[in-house]
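Below is a short series of questions and answers on how some helices pack in a model, to be read with the sequence and the coordinates at hand.

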Amino acid sequence: INGTSKQLGKNEQQTTSALTAALPLILGAMKNNTTNKTGATGLLGALDNQQHDGSILDNLGSILGGSSIDDKILADGDGILGHVFNGKQQNVAHAVSAKSGLDMSSAMNILKVAAPIVMGFLGKEKRQKNIQDSNGIGDLLGGLLGGSAKNEQSMIEKILDADGDGSVIDDIIGMASGSKKK
């Protein structure tokens with residue numbers, strides 16, 4: 001958080017608030033994507049990529065402690081966000097911005113930095129736990145979000161999915177903008 005705050009020129013409280021909003025959104029969207037075979041297979045394949053093997057976790061100090069965030073990390077994060085949020089990453093950045101008080105550009109950069117770190121963590125967990133199928137990756141994501149059964153929404157999802165449609169993104173965007181989905 002301290003490194004990211006310095007990189008973005010923002011205070012730690014805003015950065016913490018942005019990450020607190022961003023991480024469950026990224027994990028929740030990944031979990032939602034694993035409810036179908038195509039999404040689960042795509043995530044498993046991405047986690048098999050050496051880029052997401054967990055080594056990023058060993059390099060966080062150099063990634064976030066230098067004078068600028070690595071462009072490769074931002075590009076990877078942008079690609080991950082495109083897949084995970086299916087083109088709606090600007091809406092998610094708006095929600096993170098509204099929740100944290102960061103400007104849209106900083107909120108998007110937080111998301112772009114967080115996504116590869118999440119993928120690195122998931123890749124490392126996948127290898128350590130020998131996860132090979134959609135049930136395993138769904139259970140891993142559910143466990144991180146607070147639920148373990150594949151058909152059970154986590155506590156976070158239940159709270160955030162106010163309209164019960166299975167997607168937390170529209171509800172968080174509504175909360176952040178102060179509007180309700182009809």
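Q: In which hand of crossing does α2 pass α7?
A: In this predicted model, helix α2 (residues 12-33) and helix α7 (residues 104-128) pack with their axes 10 Å apart, at an angle of about 50°. Because the angle falls outside the ranges for roughly parallel, antiparallel or perpendicular pairs, α2 is oblique to α7. The crossing in which α2 passes α7 is right-handed.

Q: How do the residues of the contact of α2 with α7 divide into nonpolar, polar and charged?
A: From α2 the contact draws on T15, A18, L19, A22, L23, I26, L27 and M30, and from α7 on I110, L111, A114, A115, V118, M119 and L122. By class, these residues divide into no charged, one polar and 14 nonpolar.

Q: How many charged residues does the contact of α2 with α6 have?
A: Helix α6 (residues 89-100) packs with α2 at an angle of about 145°, their axes being 8 Å apart, and α2 passes α6 in a right-handed crossing. The contact is made by Q14, S17, A18, A21, A22 and L25 of α2 together with V92, V96, K99 and S100 of α6. Sorted by class, the contact has six nonpolar residues, three polar and, as for charged residues, one.

Q: Is L145 buried or exposed?
A: L145 belongs to helix α8 (residues 134-145), and its C-alpha lies 7.0 Å from that of P24, although the two are 121 residues apart in sequence. Since buried means under 20% relative accessible area, L145, with a relative accessibility of 4%, counts as buried.

Key. Residues numbered from 1 in each chain as written. Predicted model: local features only at pLDDT ≥ 70, side-chain atom pairs only at ≥ 80, totals over all residues. Heavy atoms only, no water. Axes fitted to C-alpha atoms, helices over the stretch in contact; angles between N-to-C directions. Helix = DSSP H or I, 4+ residues; strand = E, 2+ residues; numbered from the N terminus. Parallel < 35°, antiparallel > 145°, perpendicular 65-115°, else oblique. Left-handed = near helix turned anticlockwise from the far one by under 90°. Contact = heavy atoms within 4.5 Å. Nonpolar A, V, L, I, M, F, W, Y, C, P; charged D, E, K, R; others polar. Buried < 20%, exposed > 50% of the residue type's maximum accessible area, 1.4 Å probe, protein only.
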